[in-house]
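Open the structure in your viewer and keep the selection tool at hand. The stops below say what to select and what is there.

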Amino acid sequence: MRTSSRPPRPARDPRPQGRTAPTGPGPGPDPGGRTPDGPALGERGPRNHPTRDHRTRGLRAFGVLLTATALLVTGCSAGGSAPGGSMVAPRAGSTPEELTRYYGQKLTWRDCEPTGFQCAKLRAPLDYRRPGSGEIELAVARKEATGPGERIGSLLVNPGGPGGSAVGYLRSYAGVGYPDDVRARYDMVAVDPRGVAGSEPVRCLDGKEMDAYTQTDVTPDDRGEQDRLVGAFRTFAKGCESRSTRVLPHVSTEETARDMDILRAALGDRKLTYVGASYGTFLGATYAGLFPDRVGRLVLDGAMDPSLPARRMNEDQTAGFETAFTAFAKDCVRRTTCPLGREAATAGAKLKAFLRALDREPLQTGKPGRRLGESLAMTGVIAAMYDEGAWPRLRSALTAGIDKRDGTGLLALSDGYYERGSDGEYGNLMFANAAVNCLDLPPAFTTPAEAAEAVPAFEKASPVFGEGLAWSALNCAYWPFGATGAPQRIEAKGADPILVVGTTRDPATPYRWAEALAAQLDSGTLLTYEGDGHTAYGRGSTCVDSTIDRYLLTGTPPADGMRCS
């Protein structure tokens with residue numbers, strides 16, 4: 001269940017992290033983007049995609065990475081109040097007494113790296129149902145408006161995930177790579193969501209345990225392999241529970257949206273101005289549903305549909321990756337270096353045969369103790385679907401794997417997706433991704449039998465990736481805490497105009513999700529980018545970028561249904 005002519009590329013793949021998340025063995029899922037603070041496809045460093053213009057990669061966010069691709073995809077989420085009781089929240093201009101001390105706090109800013117940025121800590125209730133039972137500190141960063149021109153206010157950014165570090169994204173891209181006119185008139189601001197990076201990060205497994213987890217076979221051939229997959233999901237969930245007991249039950253999207261409103265007040269803004277990519281669109285839409293009267297200028301790029309249950313969301317995302325692979329295959333077969341043959345129609349079958357062969361005989365990678373099996377290879381391929389800028393690297397990696405029996409390139413793509421560092425340790429992204437997804441929606445499947453029964457439908461959506469993504473969607477069945485969210489339409493009646501952006505061949509957040517969200521929102525306006533890759537802002541389309549910039553600077557949205565290429 002989310003990012004060119006741009007200045008320094010974010011440390012991670014800024015692809016928006018969509019709401020499909022790789023949270024288990026195998027290719028998991030904003031869009032979205034990739035990984036919050038990690039390397040983009042191919043680099044270490046949420047998901048950065050190389051792009052044509054300096055803004056392309058940066059804006060596409062972390063969101064996508066965590067989509068349906070991770071081996072253990074945890075279903076995507078769609079808001080909703082927890083069934084266990086209502087959360088305390090301010091309504092229409094009032095602040096409940098229990099939250100007064102949070103809404104009235106003043107942020108203490110200090111200079112931090114890189115030069116020109118400031119950091120602070122924001123306090124919020126750990127549990128909004130019992131605001132007096134403890135609190136959590138959230139990492140916040142900003143880069144003040146540079147001028148010239150009158151300051152408009154604060155612009156909050158989120159790259160997606162869930163699990164992407166918004167602070168990392170701000171420092172590495174948004175704070176230096178957003179358009180000059182936007183940065184001139186807005187303080188650029190980010191807060192790491194609870195459970196992420198600098199905000200009491202969720203931890204689940206150590207490096208060796210995570211290595212084993214990511215290599216688990218997600219296309220089980222018999223009962224023994226099914227049991228091993230279930231065992232991996234259970235081990236992951238128990239690791240999260242034992243290492244992150246305090247924060248784990250309190251990292252839902254609704255709670256993070258409520259934190260954003262406290263931040264808005266602490267920044268002194270009457271309304272929230274926000275750009276969210278991939279999963280960040282779900283977060284932004286959730287905010288709008290909770291606080292429609294406090295919505296300012298909201299850009300939701302690479303949108304998710306909050307009305308979908310986890311199974312449907314994962315199935316849609318599976319189809320999205322197939323669409324992206326088809327585009328890759330058509331491009332590949334036109335080149336003499338394509339390792340998948342000369343016919344796009346048979347490229348998928350050749351790739352699937354290669355992946356199945358790895359299930360029987362993994363490839364050497366030049367890394368001691370690490371071989372490339374089917375799960376890691378599938379993750380590497382899926383990682384490259386987020387941005388067409390990664391296609392040359394994927395062609396090279398597949399050529400080495402298929403023709404030379406060398407898995408080094410695909411392993412590097414997979415490691416970038418999972419945020420695995422050269423020291424063998426993993427970033428927080430995948431852990432937070434699972435934690436948020438499993439709270440936000442009831443699991444896609446609750447038993448291995450249900451997952452097995454769904455395989456044909458997933459394979460219809462994607463002959464290449466369907467089986468692995470169906471089994472990966474089983475992981476939330478073993479989560480230690482029940483879901484507190486549920487699928488729901490978000491209308492946000494009374495909100496100012498909200499700009500929803502969809503890309504026609506987006507792999508992680510299918511275009512129809514953007515259509516659905518724009519239709520649900522009472523004030524939603526749909527902007528369409530006819531192209532490939534995850535999210536649209538900063539991808540190199542002057543039409544898209546100028547339209548979004550104009551909206552942020554003037555508050556004027558485009559005509560509903562506007563299309564760009």
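Start at the second largest pocket of this predicted model. By class, its lining has 4 nonpolar, 5 polar and 5 charged residues. The space in the second largest pocket is about 180 Å³. Select Ile152, Lys271, Thr273, Gly296 and Arg297, which are the closest to its centre among the 14 lining residues. Next, colour strand S6 (153–158) and strand S9 (295–301): each supplies at least two residues of the lining.

**The sheet**

S6 and S9 lead to the next stop, an open sheet of 10 strands with mixed pairing. Follow the order S3-S4-S5-S7-S6-S8-S9-S12-S13-S14 across the sheet. Which strands stand at the edges? Select strand S3 (110–112) and strand S14 (562–564): each has a single partner strand, so one side of each is left without a neighbour in the sheet. From one strand to the next, the twist averages 25°.

Now select S9 together with strand S12 (residues 498–505). The two run parallel and are joined by 4 bridges. Within this pair, valine 299 stands opposite leucine 499 in S12. Then add helix H3 (residues 166–177), which packs on the sheet. H3 touches S3, strand S4 (117–125), strand S5 (135–143), S6 and strand S7 (186–191). The direction of H3 makes about 155° with that of S7.

**Two helix pairs**

Two packed helices are described by the angle between their axes and the distance between the axes. Use both values at the next two stops.

Select helix H9 (residues 310–332) and helix H12 (residues 391–404). Their axes are 11 Å apart and the packing angle is about 75°. H9 and H12 are therefore roughly perpendicular to each other. To see the contact, show Ala324, Ala327, Phe328, Asp331 and Cys332 in H9, then Trp391, Leu394, Arg395 and Leu398 in H12. This contact has 7 nonpolar, no polar and 2 charged residues.

Keep H12 selected and swap H9 for helix H13 (residues 408–418). How do H12 and H13 cross? Their axes come within 7 Å and cross at roughly 135°. H12 and H13 are therefore oblique to each other. On the H12 side, the contact involves Arg393, Leu394, Ala397 and Leu398. These meet Gly409, Leu410, Ala412 and Leu413 in H13. The residues of this contact divide into 6 nonpolar, 1 polar and 1 charged.

Before leaving H12, select Leu394 and Leu398 once more: both are listed in the contact with H9 and in the contact with H13.

Terms used: Residues are numbered from 1 along each chain as its sequence is written. This is a predicted model: local features need pLDDT of at least 70, side-chain atom pairs count only at pLDDT 80 or more; totals for chains, interfaces and linings use all residues. Side-chain values use heavy atoms; hydrogens and water are left out. Axes are lines fitted to C-alpha atoms, for helices over the stretch in contact, and angles run from 0 to 180 degrees between N-to-C directions. Angles under 35 degrees count as roughly parallel, over 145 as roughly antiparallel, 65 to 115 as roughly perpendicular and the rest as oblique. Contact means heavy atoms within 4.5 Å. Ala, Val, Leu, Ile, Met, Phe, Trp, Tyr, Cys and Pro count as nonpolar, Asp, Glu, Lys and Arg as charged, and the others, Gly among them, as polar. On a 1 Å grid over the protein atoms alone, a cavity is a set of points where a 1.4 Å probe fits but cannot get out, and a pocket is an open set with protein on both sides within 12 Å along at least five of seven lines; lining residues have an atom within 4 Å of a point. Grid points are joined across faces, edges and corners, and a volume is the space filled by probe spheres set on the points. Two strands pair if DSSP finds at least two bridges between them.
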